[in-house]
Amino acid sequence: MRYLVTGAAGFIGSLLAEALMARGHDVVGIDNFTDYYDPSLKEQNAEGLEVRRLDLARDELDFAGFDGVFHLAGQPGVRSFGDVFPLYVERNVLASQRVFEAAARDRVRVVFASSSSVYGEAERYPTPEDTPPAPLSPYGITKLTCEHLARAYGRSFGLDAVVVRYFNAFGPRQRPDMAFSKFVRALATGEPFDMFGDGQQSRGWTYVDDVVGATILAMERGSGTYNVGGGVEASLREAIGVLEQLAGRSLEIREHPAVPGDQRRTNADTMRIRSDVGWAPQVSLDDGLRAQWEWASSTVSAP
């Protein structure tokens, strides 16, 4: 099969592209190498991959000849209020609309990577897919808008699209702005860590290899919308405790007010994806954090 992966130089996108290639597929990547974080890290992720530099919101898109498009590109992060909001509209909503338009025209199946941020403060936990979405951040709002666009293109133009809602992916290559990456760096360097909120906010953490596996299965035989979440929920402070044991030292924490738009809790009900495609998370939080610590701590200087 011949697949296209947008956001192929990113955290999940690069590992997805490598996994597809390892399975014998022909893979082409697209990435705009934006400066949301250091583009040199994206260059490292993209080593060994065919990645075309394209702006999904502006450049011509041609998906003819592909069997499927994994659409992972987008502007991430819940700190999406204020002056940065237009970037979320352009890189999430407009870019996705153009991907769906081209895919519908070229009759190519799409897996769209959405987010647990669409749920906001959910009505119940674990949260099933039919929970009414109520995002708290512009980021979550744009992701939900993209989901609606995918359905609209399906209804009006026959777009074959599957939506996967990722719950807090972590592991090697995690973006440097994400919590676990910051924990690891602070522990490896001996620097203090700035905690936004009380640290009791909890997440259904999902190891990146499990995310990749679910995404591929969604392309191969999925339909509709799926939560992709790990089997264990833990607070930030509980995760810090695991990493402190791995590092053999304590983390100095400086507390700050919570970030606007940040969810207090996420936890996925994954019965639908388990039933439909036979996926289940395989990597525990402890094992995943060990892998991330071993990978990330080797790239920074210890005190």
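Does tyrosine 119 count as buried or exposed, and at what relative accessibility? In this predicted model, tyrosine 119 counts as buried because its relative accessibility is 2%. The setting of this residue is taken up below, after the sheet, the helices and the cores.

Seven strands make up an open sheet with parallel pairing, and their order is 3-2-1-4-5-6-11. At the edges are strand 3 (51-53) and strand 11 (224-228), each of which pairs on one side only. From one strand to the next, the twist averages 20°. Three bridges connect strand 2 (residues 26-31) with strand 3 in the parallel sense, and arginine 53 in strand 3 is the bridge partner of aspartate 31. Helix 1 (residues 11-22) lies across strand 1 (2-6), strand 2, strand 4 (68-71) and strand 6 (161-166), and runs at about 170° to strand 1.

Strand 5 (residues 109-115) is mostly covered, with seven of its seven residues buried. Arg109, Val111, Ala113 and Ser115 point one way from the strand, while Val110, Phe112 and Ser114 point the other way. Strand 5 runs parallel to strand 4, to which four bridges join it. One bridge partner in strand 5 is valine 111, which stands opposite phenylalanine 70. Between strand 4 and strand 5 the chain passes through helix 3 (residues 85-106), in a β-α-β crossover that is right-handed. Strand 5 also pairs with strand 6 in the parallel sense, over six bridges, and serine 114 is opposite arginine 165 of strand 6. The connection from strand 5 to strand 6 goes through helix 4 (residues 138-157), and this β-α-β crossover is right-handed.

The largest nonpolar core contains 55 residues, and Ile12 and Phe70 have the most contacts inside it. Helix 6 (residues 208-221) contributes the most to this core, with eight residues. Apart from this core lies another of 24 residues, including Ile30, Val69, Ala95 and Val108. Neighbours within four places in sequence aside, the contacts of phenylalanine 70 are Tyr3, Leu4, Val5, Thr6, Leu16, Leu20, Val111, Thr215, Ile216 and Met219.

Helix 5 (residues 179-189) is mostly covered, and eight of its eleven residues are buried. The buried residues are Phe180, Ser181, Phe183, Val184, Ala186, Leu187, Ala188 and Thr189. They pack against strand 7 (169-170), strand 8 (193-196), helix 7 (236-247) and helix 9 (285-297). Glycine 190 follows helix 5 and has a positive phi, near 80°.

Leucine 94 is placed in helix 3. With a relative accessibility of 37%, leucine 94 counts as partly exposed. Outside its neighbours within four places in sequence, leucine 94 is in contact with Ala57 and Val89. The C-alpha atoms of leucine 94 and alanine 57 are 5.7 Å apart, although the two residues are 37 residues apart in sequence.

Ten aromatic pairs are found in a search of the whole structure. In one of them, phenylalanine 100 and phenylalanine 112 have ring centres 5.8 Å apart and planes at 85°, so the pair is edge-to-face. Phenylalanine 100 belongs to helix 3 and phenylalanine 112 to strand 5, so the pair ties together parts that are twelve residues apart in sequence. Phenylalanine 100 counts as buried, with 0% relative accessibility, and phenylalanine 112 counts as buried at 1%.

Tyrosine 119 forms an aromatic pair with phenylalanine 167; this pair is tilted, with 6.0 Å centre to centre and 40° between the planes. Tyrosine 119 is in the loop between strand 5 and helix 4, and phenylalanine 167 is in the loop between strand 6 and strand 7, so the pair ties together parts that are 48 residues apart in sequence. Phenylalanine 167 is buried, its relative accessible area being 1%. Elsewhere, ring pairs link Phe170, Phe180, Phe183, Phe193, Trp205 and Tyr207 into a cluster.

Key: Residues are numbered from 1 along each chain as its sequence is written. This is a predicted model: local features need pLDDT of at least 70, side-chain atom pairs count only at pLDDT 80 or more; totals for chains, interfaces and linings use all residues. Side-chain values use heavy atoms; hydrogens and water are left out. A nonpolar core is a set of buried Ala, Val, Leu, Ile, Met, Phe, Trp, Tyr and Cys residues joined through side-chain atoms within 4.5 Å. Buried means under 20% relative accessible area, exposed over 50%, partly exposed in between (1.4 Å probe, protein chains only). Helices (H or I, at least four residues) and strands (E, at least two) are DSSP runs, numbered from the N terminus. Contact means heavy atoms within 4.5 Å. Two strands pair if DSSP finds at least two bridges between them. Axes are lines fitted to C-alpha atoms, for helices over the stretch in contact, and angles run from 0 to 180 degrees between N-to-C directions. A crossover is right-handed if, with the strands pointing away from the viewer, the path from the first strand over the helix to the second runs clockwise. Rings of Phe, Tyr and Trp (its six-membered ring) pair if their centres lie within 6.5 Å; planes under 30 degrees apart count as stacked, over 60 as edge-to-face and the rest as tilted.
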